[in-house]
Amino acid sequence: MLRPVPDTDGAPFWEYAAQGELRVQACGDCGELRFPPRPCCPHCRSFESEWRAVSGRGRVWSYVVAHPPLLPDYAAQAPYNVVVVELDEAPRIRLVGNLVAGAGQPLGSFPPESVRIGARVRAVFHDGLPQWVPERP
């Protein structure tokens, strides 16, 4: 399976994820949360930044269901979903991942026909990667 290739700005995101924490970059001056990470705040143009913990809760903003032909390791798990999640704390921040039945479950563990726009989800972590699971009421 493909692994993320962190760049200088995004490396802290993956370091926190490896510890089971979802953090996003925030401007050190105006406090604006931003993702993807970058050296300059798009809001106030400051070069100051910090990493803030977020709840990991959000809603499915969009999704797609992947079907073969795919890379061999992915084809074996297809069909599976790829979701775009809008974070509760920062609706302009949208993270891409997979909706799974539970932490560490395979890509196809959540039935593709059950994915819904607006569904409440929360982040979980497996092997240093964030995944999404349905939020229990």
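Okay, quick definition before anything else: when I say accessible area, I mean area from the Shrake-Rupley method with a 1.4 Å probe. By that yardstick, the chain you see up there exposes about 7,700 Å², and carbon and sulfur atoms supply 54% of that. Please keep in mind that this is a predicted model.

So, the overall layout. We've got 2 helices and 8 strands. Starting at the N terminus, the order goes α-β-β-β-β-α-β-β-β-β. So a helix, four strands, and then that pattern once more.

How big is it? The C-alpha trace spans about 45 × 35 × 25 Å along its principal axes. The radius of gyration is 16 Å, and a compact globule of 137 residues would be near 14 Å, so the two agree. As for what's tucked away, 36% of the 137 residues count as buried.

Now contacts. If you take the ones with a separation of 6 or more, 53% of them come from residues 24 or more positions apart.

Charges, briefly. There are 14 positive side chains and 15 negative ones. The centres of those two sets sit 6 Å apart.

Okay, the inside. Which residues touch the most other members of the largest nonpolar core? That would be Leu22, Val83, Leu87, Leu99 and Trp132, in a core of 18 residues. Strand 5, residues 80-87, and strand 7, residues 120-126, each put in at least two residues. Strand 5 is the top contributor, with 3.

Let me stay on Leu99 for a second. Leaving out residues up to four places away in sequence, Leu99 touches Asn81, Val83, Leu107, Phe110, Val115, Val121, Trp132, Val133 and Pro134. Two of those names, Val83 and Trp132, you just heard in the core list.

Last stop, Asp9. Where does Asp9 sit? You'll find Asp9 in the segment before helix 1, which covers 11-18. Its relative accessible area is 27%, and buried means under 20% while exposed means over 50%, so Asp9 comes out as partly exposed.

What does Asp9 touch, once we skip residues up to four places away in sequence? Pro37, Arg38, Pro39 and Trp51. And if you want a distance to check on screen, try Asp9 and Arg94: they're 85 residues apart along the chain, and their C-alpha atoms are separated by 17 Å.

That's what I had, thanks.

Technical notes:
Residues are numbered from 1 along each chain as its sequence is written. This is a predicted model: local features need pLDDT of at least 70, side-chain atom pairs count only at pLDDT 80 or more; totals for chains, interfaces and linings use all residues. Side-chain values use heavy atoms; hydrogens and water are left out. The radius of gyration is taken over C-alpha atoms; the globule rule is 2.2 Å times the number of residues to the power 0.38. Buried means under 20% relative accessible area, exposed over 50%, partly exposed in between (1.4 Å probe, protein chains only). Contact means heavy atoms within 4.5 Å. Lys and Arg count as positive and Asp and Glu as negative; His and the chain ends are not counted. The place of a charge is taken as NZ of Lys, CZ of Arg, CG of Asp or CD of Glu. A nonpolar core is a set of buried Ala, Val, Leu, Ile, Met, Phe, Trp, Tyr and Cys residues joined through side-chain atoms within 4.5 Å.
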